[in-house]
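The following paragraphs lead the reader through a single protein chain. The discussion moves from an ionic contact to the sheet and then to backbone geometry.

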Amino acid sequence: EEAIRVQPDWVLITSWNEWHEGSEIEPSVEYGDAYLEATKELTAQFAASPAPDYDAIPPTGMAAGQRAELAALYEGRTIGLLPGGASGVLLMIADAGLDAEEIAMEDLVDPEVLTPERLPLLIYAAGERYQRTVDEEGDVDRALMRYLSDGGTLLVASSQPYPFFYDAEGEPVNNAGRLGLPVTMGWESPPDVEDLHFEIDTEALAGLPERVQFPDGGDRRWRPADGSMLAEDDVYVPLATLTDASGEEYGEGLAWVEHRESEPVGGRLLYCWMRMADTAPSG
């Protein structure tokens with residue numbers, strides 16, 4: 001329905017038999033043919049919808065003042081984009097007119113290319129898979145660790161729940177923690193609790209409301225940041241904490257990490273759960 005609303009040229013469906021994700025369209029014992037029939041109905045609606053009116057497509061919502069602030073902050077600086085980026089954060093960078101460069105795989109392991117001086121901010125916007133080897137086993141992991149240890153900053157805003165979880169062949173490696181990102185498994189679907197919402201640090205994130213609701217539809221797999229996974233002298237700043245009506249907390253959907261004791265010492269990471277950008281779109 002959201003895709004039809006923004007009048008795209010195409011809609012790509014990629015969950016025909018995603019059995020391990022519980023999102024299969026192929027008829028199954030779990031859902032029967034419900035999703036096959038839903039796909040048929042929505043496909044008919046899409047085919048009958050008007051041709052795209054590009055002037056009517058909603059913008060990302062970034063205000064002119066935000067664009068100006070970001071342009072001033074990153075003037076003369078280039079943002080590095082790790083290969084395979086697909087999340088909405090890339091649209092925000094384009095909307096802001098920032099200078100960004102997608103890094104080729106062979107350059108990713110070049111110590112003269114991947115440096116904090118050349119690329120002060122690096123962005124992981126891919127899904128759960130990433131290519132961790134170019135020439136030698138795990139050389140991408142080592143290159144990222146070197147970049148962070150040299151004082152680099154990595155923004156992790158993946159398009160799927162668990163960044164750095166699979167290698168390029170789809171084998172689970174679960175390397176987020178080894179790369180300094182304190183992310184844990186969370187849940188596949190929310191618990192039966194009342195008023196599941198994010199409490200936002202509005203001093204750090206000016207312009208956002210103090211609280212926003214957890215999504216009530218779509219992919220709600222939860223992979224929170226967890227500061228308890230870090231060493232005592234590391235810095236962990238919760239920016240958006242998931243909380244229910246009783247006050248119980250479920251970790252962070254947005255968190256800032258500085259490694260001062262644990263590896264990679266000197267590295268800084270900002271974690272953004274895959275749904276945060278559309279949960280609190282005004283910021």
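**A walk through the predicted model**

Asp195 and Arg211 form a salt bridge in which the closest N and O atoms are 2.6 Å apart. The pair connects distant parts of the chain, since Asp195 belongs to the loop between E4 and E5 whereas Arg211 belongs to strand E6 (residues 211–213), 16 residues apart. Asp195 is partly exposed, at 31% relative accessibility, and Arg211 is likewise classed as partly exposed, with a relative accessible area of 41%. The model described here is a predicted one.

The count of salt bridges comes to eight. Another of them links Glu137 to Arg132, with 2.7 Å between the closest N and O atoms. Are these two partners buried or exposed? Because its relative accessible area is 58%, and exposed means over 50%, Glu137 is exposed. Arg132 has a relative accessible area of 17% and therefore counts as buried, the limit being under 20%. A further salt bridge joins Arg260 and Glu258, whose closest N and O atoms are 3.0 Å apart. Arg260 is exposed, at 55% relative accessibility. Shared partners also join salt bridges into one network, made up of Arg132, Glu137 and Asp141.

The discussion now turns to the sheet. In what order do the nine strands of the open sheet lie? The order is E2-E1-E3-E4-E9-E8-E7-E5-E6, and the pairing is mixed. Strand E2 (100–102) and E6 are the edge strands, each of which pairs on one side only. On average, neighbouring strands of this sheet are turned by 25° against each other, with direction ignored. Arg211, the salt-bridge partner of Asp195, thus lies in a strand named above: E6, one of the two edges of the sheet.

Several neighbouring pairs can be followed inward from that edge. E5 pairs with strand E7 (residues 235–243) in the antiparallel sense, over four bridges, and here Ile200 stands opposite Ala240 in E7. E7 in turn pairs with E8, again in the antiparallel sense, over seven bridges; in this pairing Thr243 stands opposite Glu249 in E8. The hairpin of E7 and E8 has five residues between the strands, and one of its residues, Gly247, takes a positive phi near 95°. E8 also pairs with E9 in the antiparallel sense, over five bridges, and the bridge partner of Val257 is Leu269 in E9. How many of the 10 residues of E8 are buried? Eight of them are, and the strand is mostly covered.

A helix also meets the sheet. Helix H6 (residues 139–149) lies across strand E3 (121–124), E4 and E9, and runs at about 145° to E3. In the strand order, E3, E4 and E9 follow one another.

The backbone deserves separate attention. Most residues other than glycine have a negative phi, and most peptide bonds are trans. Which peptide bond is cis? The bond joining Glu263 and Pro264 is cis, with omega about 0°. Pro264 is found in the loop between strand E8 (249–258) and strand E9 (268–272), and those two strands pair in the antiparallel sense.

Two residues other than glycine have a positive phi in the loop that runs between strand E4 (153–156) and strand E5 (197–200). Asn174 lies in this loop and has a phi near 45°. Asn174 is partly exposed, with a relative accessible area of 34%. Asp195 lies in the loop between E4 and E5 as well, and its phi is near 55°. Asp195 therefore combines a positive phi with a partly exposed position, at 31% relative accessible area, and with the salt bridge to Arg211 described at the outset.

A last site lies in another loop. Ser28 is located between helix H1 (2–5) and helix H2 (34–48). The side chains of Ser28 and Glu24 are joined by a polar contact of 3.2 Å. Is Ser28 buried or exposed? With 13% relative accessibility, Ser28 counts as buried, because that value falls under 20%.

Key: Residues are numbered from 1 along each chain as its sequence is written. This is a predicted model: local features need pLDDT of at least 70, side-chain atom pairs count only at pLDDT 80 or more; totals for chains, interfaces and linings use all residues. Side-chain values use heavy atoms; hydrogens and water are left out. Buried means under 20% relative accessible area, exposed over 50%, partly exposed in between (1.4 Å probe, protein chains only). A salt bridge is a side-chain nitrogen of Lys or Arg within 4 Å of a carboxyl oxygen of Asp or Glu. A polar contact is a pair of N or O atoms within 3.5 Å; within protein, one must be able to donate a hydrogen and the other to accept it, and residues adjacent in sequence count only if both atoms are side-chain atoms. Two strands pair if DSSP finds at least two bridges between them. Axes are lines fitted to C-alpha atoms, for helices over the stretch in contact, and angles run from 0 to 180 degrees between N-to-C directions. Contact means heavy atoms within 4.5 Å.
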